Amino acid sequence: MPSVQSSGASAGSPGAGGVLIVGGGQAAMHLASSLRELGWQAAVTIVSEELRAPYQRPPLSKAFLSGNADPATLEFRSAERYEQERITVLTGQRVTSLRAAAPGRPGEAVTEGGGRLEFGRLALATGARPRRLAVPGADLAGVCYLRDVGHALELRERLAAAERVLVVGGGFIGLEAAAAATARGKAVTVAEAADRLIGRVVAPAVSDFYAAAHRRRGVRVLLGTGVSGFEGTGPADTDGTVTGARLSDGRFVAADLVIVGIGAEPRTELAEQLGLACAGGIVVDACARTSDPAIVAAGDCAVTPHPAAADGTLVRFESFGHATDHAKVAAATLAGVPAPYDAVPWFWSDQGPLKLQIAGLAAGFDQTVLRGDPAAERFSVLYYRGGRLLAVHAVNSPRDYLAVRRALAAGQYIPPELAADAGQPLAGQPAAR
């Protein structure tokens, strides 16, 4: 695994002409690689607090948790590939402070161990962290989160020994973890504080489908139910282990493993230290420039304008596709060939045999069209606003997903009456309405 331990004005420092990318996730890796593809010749350095070079995160709650992947299979690049691309990766080094570059003076990053890295251009790809559940007992052993490979390794080990699993949160991470636990024969309860699953993202028809589908597979799904505290074998500071949770309605759910998936918070501390504008993420323009146009930000840490967003609002995407596409936009800006971010948002979620594929942005929809039969676990929902096609959410329907994604990319239109006829293949019409 490529790593340079730095001390002083150090080895691995990109220097006054180079780019420093802070963060070790997918956006960081694609930003670095895209710079080389665009012909960037100066130094490119990734600095990350993780002990591993950039790796894929989506499989952590899918194949990895199910035991069908290991850390080595998650790696984006080999050490040899980074060397060939002349990309330096510094791992296990958390950046604690940043000073922006100024005319005649390089920027500087200081790491927790006292290392100093000089740079000419700066890219922030700091990602996000799991939102913590602030209730009594939340520090007990067995109360787990899932964001990085360390979390996933611990969770997979605990899952093997667990009998009763409580998942707090009915979003994608929680439901994927629930499916993995169910497949391993565990008794699983999902507690979701809202009145439906994945409610911030999907239409009620899709929420209702997933609630019914997980229940058919033996999951106890509790809606409108939060957690008020955890109980254990003793206090966390005496190695207490979770034994269950007290719910908001007073009920007690026994559990020897708790998986908390209640969302993520963008990591903006370094951006705030630099005085950059932040509002639910690091604010960037369509070309990934922050409020300091010499600094870019990409991926989960950023909020960005997007043509698909309703009323020009800034949006923060958390997806594999966004991390890749937004990183390319940031790289182009650094390379002096800026182009606005307009890639069609896309995402997928594997929950056992149920594959949800999303293309587009459904926020602000005023019409939905159901295509297919949810009872057969093969259907799609198309979203419209003012007659304009916005997005598709397709369950085990890859053709519908691909057809809508292509239509959105080409600015084409799929009439609602065509979408409603499951006997007709979806096809975009040349002129969007």
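The protein exposes about 17,800 Å² of surface, and carbon and sulfur atoms supply 50% of that area. This value, like every other one discussed here, was computed from a predicted model. Of the 433 residues of the protein, 52% count as buried.

The overall dimensions can be considered next. Along its principal axes, the C-alpha trace spans about 65 × 65 × 35 Å. The radius of gyration is 23 Å, which agrees with the value near 22 Å that a compact globule of 433 residues would have. Within these dimensions the protein contains 10 helices and 25 strands. Among contacts with a separation of 6 or more, 60% are accounted for by residues 24 or more positions apart.

Charge is the next topic. The protein carries 42 positive and 42 negative charges, and the mean positions of the two sets are 3 Å apart. The structure holds 19 salt bridges, and several of them repay individual inspection.

One salt bridge joins Asp300 and Arg147, with a distance of 2.7 Å from N to O. Asp300 lies in the loop between β19 (295–297) and β20 (302–303), whereas Arg147 lies in the loop between β9 (143–144) and α4 (149–161), so the pair ties together parts that are 153 residues apart in sequence. Asp300 counts as buried because its relative accessibility is 14%, under the 20% limit that defines the term.

A further network is formed by Arg77, Arg81 and Glu85, which are joined by salt bridges that share partners. Within this network, the side chains of Glu85 and Arg77 meet at 3.8 Å, N to O. Glu85 is buried, with a relative accessible area of 15%. Arg77 is likewise buried, with a relative accessible area of 15%.

The salt bridge between Glu112 and Arg94 has its closest N and O atoms 2.9 Å apart. This pair links distant parts of the chain, 18 residues apart: Glu112 is in the loop between β5 (107–111) and β6 (116–119), and Arg94 is in the loop between β3 (87–90) and β4 (95–99). Glu112 counts as exposed at 55% relative accessibility, while Arg94 counts as partly exposed at 35%.

Asp325 presents a charged residue without such a partner. Asp325 is located in helix α8, which comprises residues 320–334. The residue is buried yet has no salt bridge, and the nearest side chain of opposite charge, that of Lys328, is 4.8 Å away. A salt bridge requires a side-chain nitrogen within 4 Å of a carboxyl oxygen. Leaving aside residues up to four places away in sequence, Asp325 touches Tyr341, Ala343, Val344 and Trp346.

The final site is Gly244, a residue of strand β14 (residues 242–247). Gly244 counts as buried because its relative accessibility is 0%. Apart from residues up to four places away in sequence, Gly244 touches Phe230, Glu231, Phe252, Val253, Ala254 and Ala255. The C-alpha atom of Gly244 is separated by 9.8 Å from that of Val143, a residue 101 positions away along the chain.

Note on methods. Residues numbered from 1 in each chain as written. Predicted model: local features only at pLDDT ≥ 70, side-chain atom pairs only at ≥ 80, totals over all residues. Heavy atoms only, no water. Helix = DSSP H or I, 4+ residues; strand = E, 2+ residues; numbered from the N terminus. Rg over C-alpha atoms; globule rule 2.2 N^0.38 Å. Buried < 20%, exposed > 50% of the residue type's maximum accessible area, 1.4 Å probe, protein only. Contact = heavy atoms within 4.5 Å. Areas by Shrake-Rupley, 256 points an atom, 1.4 Å probe, with all protein chains shown as cover. Lys, Arg positive; Asp, Glu negative; His and termini not counted. Charge placed at Lys NZ, Arg CZ, Asp CG, Glu CD.
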